[in-house]
Amino acid sequence: MPGKSSTIVTALTTAALVVVGVLGYQAAASAPDTLTQARDSSRHSSPEKQPARHDKKHKTPAPAPVPQASGQGKRIVYSLGAKRVWLVDAQDKALRTFTVAPSAVSPRPGAYAVASRSVSVTGSDGIAVEHVVRFAAVNGVTVGFSAAVDGSQPDPGAGKKTGGVRESRADGKAMWDFAPTGTKVVVVS
């Protein structure tokens with residue numbers, strides 16, 4: 001009889017595994033694809049009727065609008081007061097906007113053009129910079145956008161009359177790609 005009892009145990013174990021497998025399959029087939037759906041459906045209402053959720057931690061603020069008094073067409077817009085730059089395409093759409101660290105010497109509001117560019121140089125503050133896009137001169141100081149290779153920002157208390165408007169390296173690359181020599185630069189208050 002020992003063989004008969006082992007056969008019974010084996011049959012019961014096999015049957016139990018089949019039942020667990022079938023129940024697991026049914027559960028997987030009826031389960032929602034995401035946890036959000038599971039939470040929504042647990043409230044006994046359809047997901048379509050749920051109001052849209054906005055997680056404040058992941059909400060991206062709307063980009064700052066291009067200043068209205070900045071002209072039209074393809075241009076770089078630099079707001080002295082907002083410490084912000086916009087790269088605007090020919091259809092007046094801002095392709096990118098970002099904050100900058102202003103230079104110690106700022107140009108007057110008005111229209112300029114990219115006068116020269118350098119892939120990499122040493123800035124007037126002694127820092128290695130890249131993607132330099134120069135557009136103005138104020139009392140012998142050349143003013144332009146640049147990105148510090150080490151990611152540093154200018155020291156406003158240094159007392160040097162520098163003209164480098166600092167941007168991040170990613171923003172500097174975007175500026176470089178957007179603004180060949182002759183590109184219009186509009187400075188606003």
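Arg96 and Asp171 form a salt bridge in this predicted model. Their closest N and O atoms are 2.8 Å apart. Arg96 lies in strand β3 and Asp171 in helix α3, residues 169-178, so the bridge ties together parts that are 75 residues apart in sequence. How exposed is each partner? Arg96 has 32% relative accessibility and counts as partly exposed. Asp171 has 10%, and because buried means under 20%, Asp171 counts as buried.

Why can such side chains pair at all? Side chains of opposite charge can pair when their charged atoms come close. The model has 5 salt bridges in total.

Another of them joins Arg75 and Asp92, at 2.8 Å from N to O. Arg75 sits in strand β1, residues 75-79. Asp92 sits in the loop between β2 (84-88) and β3 (94-99). The two are 17 residues apart, and the pair links distant parts of the chain. Is Arg75 buried or exposed? At 3% relative accessibility, Arg75 is buried. Asp92 is partly exposed, at 36%.

Helix α3 also takes part in a salt bridge between Glu130 and Arg169, with 2.6 Å from N to O. Glu130 belongs to strand β6, residues 128-138, while Arg169 belongs to α3. This pair spans 39 residues of sequence. Glu130 is buried, with a relative accessible area of 13%. Arg169 is partly exposed, with 41%.

Now turn to the nonpolar residues. The largest nonpolar core has 20 residues. Which of them touch the most other members? They are Ile76, Tyr78, Val85, Leu87, Phe135, Phe145 and Met175. Several elements give two or more residues to this core: β1, β2, β6, β7 (141-148), α3 and β9 (184-188). Which element gives the largest share? Helix α3 does, with 4 residues.

Look at Leu87 for a close view. Leaving aside residues up to four places away in sequence, Leu87 touches Arg75, Ile76, Lys93, Ala94, Leu95, Arg96, Phe98, Ala174, Met175 and Phe178. Two of these neighbours have appeared already: Arg75 bridges to Asp92, and Arg96 bridges to Asp171. Another core, of 5 residues, lies apart from the largest one. Its members include Trp86, Val88, Val186 and Val188.

Aromatic rings come next. The model has 3 aromatic pairs. In one of them, Tyr112 and Phe135 meet edge-to-face, with 5.9 Å between centres and 70° between the planes. Tyr112 lies in strand β4 and Phe135 in strand β6, so this pair ties together parts that are 23 residues apart in sequence. Tyr112 is partly exposed, at 24% relative accessibility. Phe135 is buried, at 5%.

Phe135 has a further ring partner, Phe145. Their centres are 5.0 Å apart and their planes meet at 20°, so this pair is stacked. Phe135 is in β6 and Phe145 is in β7, 10 residues apart. Phe145 is buried, at 0% relative accessibility. Which residues make up the whole ring cluster? Ring pairs link Tyr78, Tyr112, Phe135 and Phe145. Of these, Tyr78, Phe135 and Phe145 were named above in the largest core.

Rings also have charged neighbours. Lys74 lies over the face of Phe178, 4.7 Å from the ring centre. The charged end of Arg117 sits over the ring of Trp176, at 3.6 Å from its centre.

Next, visit a loop. Ser106 lies between β3 and β4 (110-113). At 34% relative accessibility, Ser106 is partly exposed. Beyond four places in sequence, Ser106 touches Leu80 and Val138. How far is Ser106 from Thr162? The two are 56 residues apart in sequence, and 9.1 Å apart in space from C-alpha to C-alpha.

Finally, ask how far to trust the picture. The average pLDDT is 81, and 69% of the residues score at least 70. Over residues 34-51, pLDDT stays under 50. For that stretch the model has 9 contacts beyond four places in sequence. Where pLDDT is low, the predicted coordinates should not be read in detail.

Notes. Residues numbered from 1 in each chain as written. Predicted model: local features only at pLDDT ≥ 70, side-chain atom pairs only at ≥ 80, totals over all residues. Heavy atoms only, no water. Salt bridge = Lys/Arg side-chain N within 4 Å of Asp/Glu carboxyl O. Buried < 20%, exposed > 50% of the residue type's maximum accessible area, 1.4 Å probe, protein only. Core = buried A, V, L, I, M, F, W, Y, C linked by side-chain atoms within 4.5 Å. Contact = heavy atoms within 4.5 Å. pLDDT = per-residue confidence, 0-100. Phe/Tyr/Trp six-rings, centres within 6.5 Å; stacked < 30°, edge-to-face > 60°. Lys NZ or Arg CZ within 6 Å of the ring centre and 35° of its normal.
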